[in-house]
Amino acid sequence: MPPQGQSPPSWVLEESDAATDDKDVAVPVPPSAEKRKLDIVWRNVILFLLLHTGAVYGGYLFFTKAMWATKFFAIFLYLCSGLGITAGAHRLWAHKSYKARLPLRILLTLFNTMAFQDSVLDWARDHRMHHKYSETDADPHNATRGFFFSHVGWLLVRKHPQIKAKGHTIDMSDLCSDPVLRFQKKYYLTLMPIFCFILPTYIPTLWGESLWNAYFVAAIFRYCYVLNVTWLVNSAAHKWGDRPYDKNINPVETKPVSLVVFGEGFHNYHHVFPWDYKTAELGGYSLNITKLFIDTMAKIGWAYDLKSVSPDIVEKRVKRTGDGSHEVWGWDDKDVPPEQKAAATIINPEKTE
Ligand code: ST9
Ligand code: ZN
Ligand code: ZN
């Protein structure tokens, strides 16, 4: 923050400066990270501190005092709320990588509300900005501002003026026309507490769990855990790993992250081919539960028009911009087409010995 009495740095855009056309938006790129304005939202800082403190205690109860049924229930909620983000907010709504019939849209909206990451309409708007303006100040969790900022810091400060200035370039009319999503947004402040906190606290009492354990384990610990693994995609998956598809961008491939976020850690691939419903090149399920879920929904007819990328397009891109780390060894590759394996072998000849 600039010292009091001084005018803010010249790149800081006032709300009224926001132009209607992208070309007219006069927002100079700040010369360095130090000059960025940090308008801390203390309410969020305090709430997230309380949440994380409660979650550490909830984690302790999970491993020491909670009933087995409560532990399984918390894991089940992790699965459902996680799918509400991965299969719902991310792959279905933000990227439209497949289509869903009404029952699936309702189910995913319910799962999504359990995850309390704000309404799908708000989540998808930020995420479309993240892809369109990746690693710039118009990216809500711009990873070039460091691990902490991209993980959680961006939720503790007012958004950068470029996000608000360039936000109008994102077309949200497709999602705004969905009555299910409009309903979720309209009643979010009623629905979210019910599905994220009240029901997860009440249900374990049906098998004799104490309200105390149920609240800290199935509500607080589970919620905070899902938040943090989601945030890892913005932080760790933009930092540590290989870039087999495009070495010129920050997003990376990371299997440990993929495991905990149901297949969303193949982030170098995802930023290069964001319309692929697998968010990964390969077809394996072990590190991509979300794909298993979408494929199952397709089998019963609730999901359709699944979009993917042909192996030859992937191969061309790997050869053109990859960092040379593309390989088949160690992959969950039982359903990789043979010609794709051959292509990968040619790309990395030194790894064939
Ligand atoms: C949470 C979200 O945690 C996490 C998202 C993670 C995304 C990860 C993606 C990775 C890929 C997927 C992997 C999934 C893996 C899942 C695994 C699960 C197992 N465009 O926001 P406001 C304008 S949420 C256009 O208030 P402030 C707009 O006019 C956690 N315009 O900005 C807007 O008004 P309106 C719980 C935009 O005041 C106005 O600005 N939730 C855009 O700077 C004001 O917007 C919280 O903690 C845009 N993108 O405040 C709440 N953005 O909305 C946290 C804004 O009326 N948020 N505008 O149209 C806040 O408190 C505030 O947003 C703030 C900024 C303080 C951060
Ligand atoms: Zn990303
Ligand atoms: Zn995405």
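The legends below describe close-up views of a predicted model, in which local features need pLDDT of at least 70, side-chain atom pairs count only at pLDDT 80 or more, and totals for chains, interfaces and linings use all residues. Residues are numbered from 1 along each chain as its sequence is written, and side-chain values use heavy atoms, with hydrogens and water left out.

**View 1. Ligand 1 and its polar partners.** Of the 36 residues around ligand 1, those that come nearest are N44, R125, D126, R158 and K159, where a residue counts as near if one of its heavy atoms lies within 4 Å of the molecule. A nitrogen atom of ligand 1 lies 2.7 Å from a side-chain N or O atom of D126, while an oxygen atom of the ligand is 2.9 Å from a side-chain N or O atom of R158. At K159 the partner is a backbone N or O atom, which lies 2.6 Å from an oxygen atom of ligand 1. Of the 1,400 Å² of accessible area that ligand 1 has on its own, the protein covers 80% (areas come from the Shrake-Rupley method with a 1.4 Å probe).

**View 2. The shell around ligand 1.** Two or more residues of this shell come from each of α1 (42-64), α2 (68-94), α4 (120-132), α6 (161-166) and α10 (211-234), the helices being DSSP runs (H or I) of at least four residues, numbered from the N terminus. The largest share, 7 residues, is given by α10. By class, the shell holds 19 nonpolar, 9 polar and 8 charged residues.

**View 3. The largest pocket.** Ligand 1 sits in the largest pocket, meaning that more than half of its atoms lie within 2 Å of the grid points. On a 1 Å grid over the protein atoms alone, a pocket is an open set of points with protein on both sides within 12 Å along at least five of seven lines, a cavity is a set where a 1.4 Å probe fits but cannot get out, and lining residues have an atom within 4 Å of a point. The pocket holds about 1,400 Å³ of space, and of its 47 lining residues, F48, Q117, D118, W154 and L155 are the closest to its centre. With 10 residues, α10 gives the most to this lining.

**View 4. The two cavities.** The structure holds 2 cavities of 30 Å³ or more. The largest cavity has a volume of about 70 Å³, and its lining includes D137, W154, R158 and K159. The second largest cavity holds about 40 Å³ and is lined by K37, L38, R145, V157, R158, H160 and P161.

Methods:
Chains are lettered from A and ligands numbered from 1 in the order in which they are written. A polar contact is a pair of N or O atoms within 3.5 Å; within protein, one must be able to donate a hydrogen and the other to accept it, and residues adjacent in sequence count only if both atoms are side-chain atoms. Ala, Val, Leu, Ile, Met, Phe, Trp, Tyr, Cys and Pro count as nonpolar, Asp, Glu, Lys and Arg as charged, and the others, Gly among them, as polar. Grid points are joined across faces, edges and corners, and a volume is the space filled by probe spheres set on the points.
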